[in-house]
Structure formats: C-alpha cells, structure tokens
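Q: I would like to learn how to read the surroundings of a bound ligand. Please take me through one case.

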Amino acid sequence: MKILSVVGARPQFVKLAAIADAAARRDDVEHVIVHTGQHYDAVMSDAFFADLRIPAPDVNLAVGSGSHGRQTGAMLAAMDAVLEEQDPDWVLVYGDTNSTLAGTLSAVKLHLRVAHLEAGLRSFNRRMPEEHNRVLTDHASDLLLAPTEVARGHLVAEGLGDRTVVVGDVMTDVCLRVAAAVRQEAPRLPEGIDADAPEGFAVATLHRPDNTDDPVRLRAILAALQDLPLPVALLAHPRLVARAAEAGVPLAGGAVRVSPPLAYPELVGAVSRARAVVTDSGGLQKEAYLLGVPCTTVRTETEWVETLDDGWNALVPDPAGLAAAVTRRRPAGERPEHYGDGHAAERVIAELVARAGTLR
Ligand code: UD1
C-alpha cells in the first residue's frame, strides 16, 4: 500500500518524523514524501530532516513564499502531475498550513483518498488563515485522524463523526522521544543566557501575523518581553525579524537575547530546562505541556484547550499581562495524557492499511 505525505512547513516536518518512522517499520507500506517548499531556509526545513532522520523528500515543489493565494495556487498547479504519477492509495495531509489545503484540494479533485492528520482542531477565530485551512481540509477529507476527544467532538458537531477516528497526537511521539535523547545535553541558548542561573530563563517565539504585522502591537509585545524579570531566549522566526526591521523595533534589549529558530532537538532541550515559555505557536504550547513547563500564549484563544487545565497554559493577549503570567507559580497539578501515549503514528499507519481499498 502506498501512502503519499504532503508537507511544507516546520511543524509538519516534526509530525512527518513520526509517520515516516512508523511507515518504515512495516514492509507492507510504501511511503512517498512530497515537500511543497513552503519553508525552504536550512533552519526552517533541512535541519528537521537531518536531525529527526527523516528520509529526503521524493519530490520538492519548491514553491517558496508569497501571498496566501499565490502560494496555495502555486502548490496546486505543481501537485497534479506528481499525484497522477505516484497514484497513491492515500494522500496524508498534516495540520493546517497552506500546504495542507493545497495537498487536499489536489488529491480530492483527482479522486484520490485523503486522510487528515490532526483533524478537528478549532480556534473559532476566522482571522487565522489556519482556521480556514483546517475546516476546509476536514470537510474535504475521507478519513479524519483526530488527536483528542475534544477534536472528535468538533468533527461530530460538524456532521463528520462517521469519518473520524481518535489516534492520539503524533507530536507527542516525537517530542517524548527527542526529550529522552537530549536529556543529558547542555541546551544551546543565545549568548548571554546561562541555563544554570538561579532565576532561570524563558523561551519565547512569535510568528502569528496578528502579533507581528501591526507595528504598534509588535512594539508593545517586544517591550513587555524586554521588561520581564528573567532572561528571555527569543527564537526569531523570519517573519518576526522582517516585520521588526520594517517597524524599526529592535528585537534584542533588556531581558531579551535573540537567536535564529533552533533545530528541533535543541528546542526541546531548551524548553525542558526553561522556567517558562512565551509563544503564539500551537505546537510549542503543547510541547511545553508535555515537558512540564508553564506556558503563556500571546493569543485570545487556543486550539489545544486541554493545556489550559490547572494553569499549565494561560492565554494573555494583552502585553501588559505578560510579566504576571510568566512569573506565575508552577502548577502543582498532574498533567493527564491528553495527547496520547507516544504511539499515535503506529495507529495512523494501521488505520490507513486497514481502510485501504474500502473507499474508492
Ligand atoms: C506557516 C503556517 C503556520 C505555521 C508556521 C510554522 C500557513 C498559513 N501558516 O506560517 O500555520 O504555524 O508556518 O512556522 O501556512 N520565510 C523565510 N524562510 C522560510 C520560510 C518563510 O524567510 O524558510 C519567511 C518569508 O518571508 C515568508 C514568511 O516567512 O513570507 C512567512 O512564511 P509562511 O510559510 O508564509 O508562513 P509562516 O508564518 O511560516
């Protein structure tokens, strides 16, 4: 049976690592990887394939950056020929990026079966491009691989319950495996941050357009980070670097030290040792939860609502609230296994094999 994975952006490479590994352990599965080229810098793409030992993509569409329509359209235009040539039993799409939507649309129009990994997440915030990508992908897909019961509930509410199966979260598989592998290593942090200093340090990332693209808001968030009473390692996404330069706002200053995005094992190592995480990323909220580090999310809502239980994650869209949130006491409560047991990818492959040939 042939599974064709469509990926393109950073968090998808992490999920792909788990799937590629689970697929390689079965001799009845052929796994083909199509990289759209949405992310292309070495730190945003190649490093993930090398560090997570993912086989090199079989095809790279090399679409690069652009407005949503141009980028998604370029992927669509390039995908037809690849899917026709490969003729897979399943097209597997991941998460909620423009690459996800393009892979889905191309496949359904060619009458190929589509399975959506990480189905059923909702922020209910229609300003997020990811929200449209997820809703459209879920409704077009044949099989919805939900990470949690909350996600299943959203799909049932939208009339998609009979296509849904809860498999757990494949990011858990990778995060726990990598955390165990890097436990003994000293974290790589921007110069000026001492991992062993008694006050600890925070890891921060920002890349959502709602936070980066309005210069007034960006300035306020950066000022709040710079005023935090502990050192902050700001791992700067290219969009953040570009928007801050356009707005004339320096990233470094006060508590903040800056570095480019880290490789995945380095990120997991840094978060494991941090006292706090500040982010607007979806994946990092969950990684902080899995690693037992309190997270402050600079957004009005989260798709990963389970992380809010017992205060492990806090939604703080107003920069004025950041200092109080970041220095809050570490929750005493347990962290239930909301995100699966670390074996989600095996379940995904088993579901795809079991359902091959039943739908077309
Ligand atoms: C994309 C996803 C988002 C995901 C994020 C993870 C969409 C709509 N958004 O957002 O859901 O959380 O990836 O990182 O698909 N750039 C580079 N080098 C790169 C890639 C991007 O310099 O390798 C710069 C370009 O200026 C580009 C900008 O970053 O315009 C944004 O990249 P893009 O892929 O459009 O969106 P992300 O913000 O990365």
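Q: Which helices each supply at least two residues of the shell around the ligand?
A: A residue belongs to the shell if one of its heavy atoms lies within 4 Å of the ligand. In this predicted model, the helices that each give at least two such residues are α1 (10-24), α3 (68-86), α5 (129-140) and α10 (238-247).

Q: Where does the ligand lie with respect to domain 1 and domain 2?
A: Look at which domains contribute to the shell. Domain 1 (2-169 + 340-354) and domain 2 (188-326) both do, so the ligand lies between them. The space it takes is the largest pocket.

Q: What is the make-up of the shell by class?
A: There are 9 polar, 6 nonpolar and 5 charged residues. Of these 20 residues, the ones that come nearest are Gln38, His39, Asn98, Glu130 and Arg239.

Q: Which polar side-chain atoms lie 2.8 Å or 2.9 Å from an atom of the ligand?
A: For a polar contact, look for N or O pairs within 3.5 Å. Glutamine 38 has a polar side-chain atom 2.8 Å from a ligand oxygen, and aspartate 41 has one 2.9 Å from a ligand nitrogen. In the side chain of histidine 39, an N or O atom is 2.7 Å from an oxygen atom of the ligand.

Q: How much of the ligand's accessible area does the protein cover?
A: On its own the ligand has 750 Å² of accessible area, and the protein covers 85% of that.

Terms used: Residues numbered from 1 in each chain as written. Predicted model: local features only at pLDDT ≥ 70, side-chain atom pairs only at ≥ 80, totals over all residues. Heavy atoms only, no water. Polar contact = N/O pair within 3.5 Å; in protein donor to acceptor, adjacent residues only side chain to side chain. Areas by Shrake-Rupley, 256 points an atom, 1.4 Å probe, with all protein chains shown as cover. 1 Å grid on protein atoms, 1.4 Å probe; cavity = no way out; pocket = protein on both sides within 12 Å on 5 of 7 lines; lining within 4 Å. Sits in = over half its atoms within 2 Å of the grid points. Helix = DSSP H or I, 4+ residues; strand = E, 2+ residues; numbered from the N terminus. Nonpolar A, V, L, I, M, F, W, Y, C, P; charged D, E, K, R; others polar. Domains from an automatic or database assignment.
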